[in-house]
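User: Hi! Could you walk me through this one? I'd like to ask a few quick things as we go.
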Amino acid sequence: MPLPSRVQIIDVGPRDGLQNEKLPVPAAIKIELVHRLQAAGLTEIEVTSFVSPKWVPQMADAAAVMAGIQRQAGVRYSVLTPNQIGFEAAVHSKPDEIVVFGAASEAFSRKNINCSIAESIERFAPVVQAALAAGMAVRGAMSCAVGCPYEGDVSPSSVSYLAGLMKQIGVQRVDMADTIGTGTPLKVQKAIEATLEHFDADHVCGHFHDTYGQALANTLAALQMGVWNFQSSVAGLGGCPYAKGATGNVATEDVVYMLHGMGISTGIDLDQLVDAGAFISEFLGRQPNSNVAKAILNKRAG
Ligand code: HMG
Ligand code: MG
């Protein structure tokens, strides 16, 4: 299959990236990060989650962050909503897209959202209907589509099962998520194949954590199957509170560098993106978790 000439990147740094930070990141910093990402050319940004503040304290300021961002025309702002309570809170913020998030593994579903896969679908169904009726787009995240921190390898049939349920309740596109970054290219291709039983390649996003350093290889494996939507975190921020030891998403800087080097356009200015990553990394008191960002920053300094 020919590689796509253009790739759409959803930066999930403000949400997936920051949700696991132990010290509170002020809303003003999150807002500034969103502003810097859109200035760098990102046209899809996952801003925050409307989840229980007892479960994920870092996202307790979801409404304030959404209220504070100055929206730019042509940018899609998405938020996570696990249930009706989250959706009702999110509606006032007028997101362009909501994300329901399920898991291909039962154990992870219980740890992450405190219910079984079947129960999660029952909870998502009315949220999806309400969002579509309100004119919002709906995405469905499928966690642990390759490996699970509690169950080990996850079978493609489990991914197909979840993708089928997501399709049935009206989810428009899905994220094939390697939550703990244990996937390797052929395993990822099998999980994508399973997803393609229910969604066409235009409606599948690759979401790869880079824990084992496989995320760029997995991205290329997904590109070869016609997938052209990917999620990544500026500066490689992140980790999921319910996937211990799993590190951040693949760094947006690394994905953009690889794609541009392959002649694939993203609409993103790599230098401005590196600045956005440096901004948040400086606030967090560490180096960006991105080889490309470090190389560019070193080159600038030298
Ligand atoms: P629960 O405790 O089972 O919910 O939590 P409940 O319905 O029994 O309600 C219990 C209490 O929570 C009640 O409050 C509710 O009002 C409140 P109380 O009466 O005790 O004061 N509550 C809420 N408050 C705010 N917002 C809400 C909400 N819902 C209930 N939406 C729930 C269920 C899903 C809420 C909980 O388990 C939760 O918030 N989990 C957090 C999950 C999460 O954010 N995980 C990280 C994101 S997923 C991820 O990172 C993976 C991804 O990146 C893809 C990948 O890499 O795999 C997407
Ligand atoms: Mg994630």
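Analyst: Happy to; what follows is a short chat about a metal site, a helix residue and a surface patch, all in a predicted model.

User: Great. Which residues coordinate the magnesium ion (ligand 2)?

Analyst: Asp 16 does so through OD, while His 207 and His 209 each use NE2. The distances run from 2.0 to 2.3 Å.

User: And how are those donor residues spaced in sequence?

Analyst: The pattern is D-x190-H-x1-H. Asp 16 sits in helix 1 (residues 13-17) and His 209 in the loop between strand 9 (204-208) and helix 9 (215-223), so this pair ties together parts that are 193 residues apart in sequence.

User: Is Asp 16 buried or exposed?

Analyst: Asp 16 is buried, because its relative accessible area is 3%, and buried means under 20%. His 209 counts as buried too, at 3% relative accessibility.

User: Switching topic: where is Ile 85, and is Ile 85 buried or exposed?

Analyst: You'll find Ile 85 in helix 4 (residues 84-91). Ile 85 counts as exposed, with 69% relative accessibility. Its C-alpha atom is separated by 14 Å from that of Phe 101, which is 16 residues away along the chain.

User: Nice. Which residues form a nonpolar patch on the surface?

Analyst: Leu 3, Leu 220 and Met 262 do, and together they have about 220 Å² of accessible area.

User: Where does Met 262 sit?

Analyst: Met 262 is in the loop between helix 10 (252-261) and helix 11 (270-284). At 34% relative accessibility, Met 262 counts as partly exposed.

How values were computed. Residues are numbered from 1 along each chain as its sequence is written. Chains are lettered from A and ligands numbered from 1 in the order in which they are written. This is a predicted model: local features need pLDDT of at least 70, side-chain atom pairs count only at pLDDT 80 or more; totals for chains, interfaces and linings use all residues. Side-chain values use heavy atoms; hydrogens and water are left out. Donors are N, O and S atoms within 2.8 Å of the metal (3.2 Å for Na, K and Ca); water is not among the atoms, so sites may look incomplete. Helices (H or I, at least four residues) and strands (E, at least two) are DSSP runs, numbered from the N terminus. Buried means under 20% relative accessible area, exposed over 50%, partly exposed in between (1.4 Å probe, protein chains only). Patches are made of residues with over 30% relative accessible area and no salt bridge: like charges are joined within 9 Å, nonpolar side chains (Val, Leu, Ile, Met, Phe, Trp, Tyr) within 5 Å. Accessible areas come from the Shrake-Rupley method with a 1.4 Å probe; for residues, only the protein chains shown count as cover. A salt bridge is a side-chain nitrogen of Lys or Arg within 4 Å of a carboxyl oxygen of Asp or Glu.
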